[in-house]
Amino acid sequence: MKKRQVVVKKSSSRTSRGSMIKRVRYRECQKNHAANIGGYAVDGCREFMAGGQEGTTAAIMCAACGCHRSFHRREVDEDVCESSSTSHV
């Protein structure tokens with residue numbers, strides 16, 4: 001079973017149609033494991049998998065490679081949600 005970390009945040013910015021929803025996904029690991037010897041080597045972890053439940057400290061560590069999620073490439077998708085309540089005068 002493949003776990004995926006998807007964080008959905010409702011932004012405080014509003015448009016004329018509704019509010020913005022940001023979906024944040026963490027992709028491949030970009031940590032350079034050979035930086036201390038002057039080289040470049042990544043471990044090949046293709047996608048961030050949370051090591052625990054959301055809200056715990058284990059949730060920010062990748063279960064596949066053991067790195068902090070800040071080492072993984074971050075993707076942000078923004079969607080506009082239309083508000084259903086419109087007032088006509």
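Here are some short exercises on charged residues in strands β2 and β3 of this predicted model.

**Exercise 1. Place R27 in the fold, and decide whether its side chain is buried or exposed.**

Step 1: Find the element. R27 sits in strand β2, which covers residues 18–29.

Step 2: Check the accessibility. The relative accessible area of R27 is 19%. Buried means under 20%, so R27 counts as buried.

Step 3: Look at the surroundings. Not counting neighbours within four places in sequence, R27 is in contact with R46, E47, F48, H72, R73 and E75.

**Exercise 2. Work out how far apart R23 and E78 are, in sequence and in space.**

Step 1: Start with R23, another residue found in strand β2. R23 has 33% relative accessibility and is partly exposed.

Step 2: Count along the chain. R23 and E78 are separated by 55 residues in sequence.

Step 3: Now turn to space. From C-alpha to C-alpha, R23 and E78 are 6.4 Å apart.

**Exercise 3. Find the salt-bridge partner of R25, and say which parts of the chain the pair ties together.**

Step 1: Recall the idea behind such pairs. Side chains of opposite charge can pair when their charged atoms come close.

Step 2: Identify the partner. R25 forms a salt bridge with D77, and their closest N and O atoms are 2.6 Å apart.

Step 3: Assign the elements. R25 belongs to strand β2 and D77 to strand β3 (residues 72–82), so this salt bridge ties together parts 52 residues apart in sequence.

Step 4: Add the accessibility. R25 is partly exposed at 27%, and D77 is partly exposed at 28%.

**Exercise 4. Trace the salt bridges of R73 to E28 and E75, then name the network they belong to.**

Step 1: Take E28. R73 forms a salt bridge with E28, with 2.7 Å between the closest N and O atoms. Because R73 lies in strand β3 and E28 in strand β2, the pair ties together parts that are 45 residues apart in sequence.

Step 2: Take E75. The side chains of R73 and E75 also meet in a salt bridge, at 3.2 Å from N to O.

Step 3: Join the pairs. Salt bridges with shared partners link R27, E28, R73 and E75 into one network.

Step 4: Compare with the accessibility values. R73 is partly exposed at 30%, E28 at 23% and E75 at 24%, whereas R27 is buried at 19%.

**Exercise 5. How many salt bridges are there by this rule?**

Step 1: Apply the cut-off, a side-chain nitrogen of Lys or Arg within 4 Å of a carboxyl oxygen of Asp or Glu.

Step 2: Read off the total. The count comes to four salt bridges, among them R25 with D77 and R73 with E28.

How values were computed
Residues are numbered from 1 along each chain as its sequence is written. This is a predicted model: local features need pLDDT of at least 70, side-chain atom pairs count only at pLDDT 80 or more; totals for chains, interfaces and linings use all residues. Side-chain values use heavy atoms; hydrogens and water are left out. Helices (H or I, at least four residues) and strands (E, at least two) are DSSP runs, numbered from the N terminus. Buried means under 20% relative accessible area, exposed over 50%, partly exposed in between (1.4 Å probe, protein chains only). Contact means heavy atoms within 4.5 Å.
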